[in-house]
Structure formats: C-alpha cells, structure tokens
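Work through the exercises below with the model open beside you. Try each task before you read its solution.

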Amino acid sequence: MLVTVVPASTRTGRAVIRSLLASQDPGVEIQAIYRDAARAPAEFTSLPNFTAVAGDIADESSLNFTGSDAVVAITPPVFDSGDIVAIAKERSENVKGAIERSGTVNRLVLLSSIGAQYSSGVGEIKTNNIAERVLATTDIPEIIFIRCAYFMENWTVALDTLRGPEPFFYSTVTPLEWKIPMVAVGDVGAVIASQALKQESSPRRPYVFELHGPRMYSPLDVQVAFSDALGRQVAIKPVARGDLHGFYKQVFPDDLVPEWVEMATSFLPGGVMKPGDVEEGTGVVNGKTELGDAIKDAVRSLLQQTRK
C-alpha cells in the first residue's frame with residue numbers, strides 16, 4: 001500500500017511518516033512530498049520503503065499521486081501576507097485535482113482542527129473550514145477529516161524565554177485556570193497513520209472526528225509540566241485579551257494579526273468554541289500522551305538541537 005503525505009515537511013507530516021514507518025505491515029510504502037526533496041530527513045531517506053518527491057501544494061502541476069492508495073493532506077498555516085482563506089482554498093483544490101487525476105487514490109485523510117465547522121469567528125482556523133468544504137467533494141470512496149485539538153508542543157515554540165535565571169512562558173489562554181482540549185503531535189501522527197492504513201471502511205463520508213488528549217489542560221498545568229521538565233520553577237506571563245493584538249504584531253504581518261487574535265479568543269470564555277463542545281454527529285478520539293510527557297520530550301529535543 002502506497003501512502004502519500006503532502007506536504008511532508010511540517011511537524012505533523014514528520015509525525016505521520018514516523019508512525020507509517022513503524023507500521024507492522026511490511027507492504028506499506030511512503031511517498032513524501034517536499035518543495036525540495038533533498039531536505040527530507042536522513043532518518044527517513046535511509047529506509048527502503050520511503051521516497052521523497054519534489055512537489056508543492058501551491059502548484060497543482062507539480063503534484064503526482066498516481067499509484068497512491070491513500071493521501072494524507074495537511075493545510076499548513078499561512079505566515080505571510082495574503083487572503084488566508086483564498087490561499088487555503090486554492091491549495092485544497094490543487095490537492096483535490098491531483099487526487100482525482102491519479103485514478104488510484106481511494107482514501108483521503110485530512111489534518112484539520114477543532115472549530116473547522118465554523119466559517120467565521122475562528123480566525124486562522126477558517127483555513128481548515130474551507131479545506132474541508134473543498135475536499136469533501138473529492139470523487140473518491142473514502143474521505144476522513146481529523147479535527148485536532150491545540151498541539152501540546154505549541155507551548156515550546158518560544159524556548160528562549162525558558163533560559164536564564166528566571167524562566168517563564170507566555171500564555172494567550174486566559175484566565176490561567178481555563179482548560180482547553182490539547183493533544184500531542186505524536187498521537188496526531190499515530191491516529192492519522194492508522195486511519196490511512198485501516199482495512200475497514202469508514203462509517204460515513206466524510207467521516208469526521210475530533211482528536212483530543214487524555215483530558216483537558218490549563219496554562220497552570222503547562223506551568224507544572226515546564227517546571228518538571230526543567231527541574232526548576234517556571235513562571236507564566238498571561239497575555240490579556242486587550243494585549244493580544246500587540247503580542248501577535250511582533251510575529252505576523254499586519255494583515256494577519258486580526259486572524260490570529262480572533263483564533264486565540266475563539267476558545268476563551270465567551271468565544272465561539274466552547275471547550276468540550278463538539279459538533280453534533282462528530283465523535284471524539286482521545287490520545288494517550290499526557291501533557292507533562294509531551295512537554296518533557298519537546299523540551300529535551302529542542303535543547304539538544306540548540307547545543308549542536
């Protein structure tokens with residue numbers, strides 16, 4: 001069975017590939033799409049059932065899924081200026097066209113997000129909404145949308161603040177005791193891989209479910225996880241709602257800041273997405289990795305990279 005992952009360079013793409021390669025099925029082969037195939041990790045290219053192929057979801061003519069049985073599609077966030085919904089729509093249509101052109105793909109698994117059922121009020125998550133709407137019409141037997149919770153590893157993006165005599169991290173989730181669904185990237189990769197490889201048919205088309213961790217967590221739980229991982233007390237610096245615009249302005253172009261502010265507030269008290277409020281007819285699958293374990297692994301990996 002040939003599974004194509006597009007694009008493969010994302011953090012989730014790498015997690016999916018690792019899980020596919022760990023499959024006990026000796027007939028599994030992976031085709032991974034990179035804009036620059038030479039940048040595929042050596043941990044993958046050294047294996048005989050892995051092939052890196054050049055392609056770009058922004059260019060439909062570069063995508064060739066012929067021979068693939070299943071496609072794992074990822075809609076990466078847009079970090080440059082532009083209409084994020086229009087960009088996501090175009091890229092999703094490119095993937096859809098390549099799938100239908102292949103004549104062999106019979107299953108599509110899309111990495112989506114909680115809140116993807118909403119076309120407004122959720123900021124950047126609107127890209128997942130349009131991706132689902134486009135890909136739901138793909139002319140193949142099986143379509144699966146996995147709406148993932150907030151990635152636990154997202155808390156480790158700004159590792160620099162954890163260095164020094166008084167380590168801390170920022171939290172855009174307030175109040176600090178507010179609990180939201182979170183999931184480990186490793187669990188996301190494992191569930192996506194299992195859906196791509198499963199033998200049985202899905203109960204619906206499209207088959208949609210949310211993927212959460214073992215339970216919901218708050219920023220206070222993240223604080224405990226960081227303190228345990230580093231072996232010393234770590235502080236939290238909450239970013240109040242009124243300060244979110246200035247906070248994101250340091251990271252994103254001006255036209256994208258409102259999208260990220262809206263997304264950040266969408267799952268806070270009073271927001272569109274109420275924690276644990278799942279769309280009717282959509283089930284929940286729970287990963288096994290606890291927040292503390294995910295944070296510890298991510299911090300260890302990041303620290304090792306900075307020492308090289």
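The exercises cover the sheet, its strands, the salt bridges, the nonpolar cores and the cis peptide bonds.

This is a predicted model, in which local features need pLDDT of at least 70, side-chain atom pairs count only at pLDDT 80 or more, and totals for chains, interfaces and linings use all residues. Residues are numbered from 1 along each chain as its sequence is written, and side-chain values use heavy atoms, with hydrogens and water left out.

**Exercise 1. The sheet**

Find the order of the strands in the open sheet of eight strands, and say which strands stand at the edges.

Solution.
- Step 1: know the terms. Strands (E, at least two residues) and helices (H or I, at least four) are DSSP runs, numbered from the N terminus. Two strands pair if DSSP finds at least two bridges between them.
- Step 2: read the order. It is β3-β2-β1-β4-β5-β6-β10-β13, with parallel pairing.
- Step 3: look at the ends. β3 and β13 each have a single partner strand, so one side of each has no neighbour in the sheet.
- Step 4: add the twist. From one strand to the next it averages 25°. Angles run from 0 to 180 degrees between N-to-C directions, and axes are lines fitted to C-alpha atoms, for helices over the stretch in contact.

**Exercise 2. Strand β2 and its neighbours**

Describe how β2 pairs with β1 and with β3.

Solution.
- Step 1: take β1 (residues 2-6). Four bridges join β1 to β2, and the two run parallel. T4 has Q31 in β2 as its bridge partner.
- Step 2: take β3 (residues 50-54). β2 and β3 are also parallel, with five bridges. Here I30 has F50 in β3 as its bridge partner.
- Step 3: follow the chain. β1, helix α1 (residues 11-21) and β2 form a right-handed β-α-β unit. Right-handed means that, with the strands pointing away from the viewer, the path from the first strand over the helix to the second runs clockwise.
- Step 4: check burial. Buried means under 20% relative accessible area, exposed over 50%, and partly exposed in between (1.4 Å probe, protein chains only). Five of the six residues of β2 (residues 29-34) are buried, so the strand is largely enclosed by the rest of the structure.

**Exercise 3. Strands β5 and β6**

How many bridges pair β5 with β6, and which helix lies across them?

Solution.
- Step 1: count the bridges. β5 and β6 pair over seven, in the parallel sense. S113 stands opposite C148 in β6.
- Step 2: find the helix. α4 (residues 126-135) lies across β5 and β6, running at about 160° to β5.

**Exercise 4. Salt bridges**

Locate three salt bridges and say which parts of the chain each one links.

Solution.
- Step 1: apply the cut-off. A salt bridge is a side-chain nitrogen of Lys or Arg within 4 Å of a carboxyl oxygen of Asp or Glu. The whole structure has 12.
- Step 2: start with E142 and R107, whose side chains meet at 2.6 Å, N to O. E142 lies in β6 (residues 142-148) and R107 in β5 (residues 107-113), so the pair ties together parts 35 residues apart in sequence. Both E142 and R107 are buried.
- Step 3: move to R147 and E279, with their closest N and O atoms 2.6 Å apart. R147 is in β6 and E279 in the loop between α8 and β13, 132 residues apart. R147 is buried at 5% relative accessible area, whereas E279 is partly exposed at 32%. E132 joins R147 and E279 in a network of salt bridges.
- Step 4: finish with E290 and R215, at 3.4 Å between the closest N and O atoms. E290 sits in the loop between β13 and α9, R215 in the loop between β10 and β11, 75 residues apart. E290 is partly exposed at 29%, and R215 is partly exposed at 44%.

**Exercise 5. Nonpolar cores**

Which residues of the largest nonpolar core touch the most other members?

Solution.
- Step 1: define the core. It is a set of buried Ala, Val, Leu, Ile, Met, Phe, Trp, Tyr and Cys residues joined through side-chain atoms within 4.5 Å.
- Step 2: name the residues. They are I17, I146 and F226, in a core of 73 residues. α5 gives the most to this core, with seven residues.
- Step 3: inspect I17. Its contacts (heavy atoms within 4.5 Å) include V5, I30 and F50, not counting residues up to four places away in sequence.
- Step 4: find the second, separate core. It has 19 residues, among them L108 and V208.

**Exercise 6. Cis peptide bonds**

Where are P175 and P206, each of which follows a cis peptide bond?

Solution.
- Step 1: T174 and P175 are joined by a cis bond, with omega about -5°. P175 is in the loop between β8 and β9.
- Step 2: R205 and P206 are joined by a cis bond, with omega about -5°. P206 is in the loop between α5 and β10.
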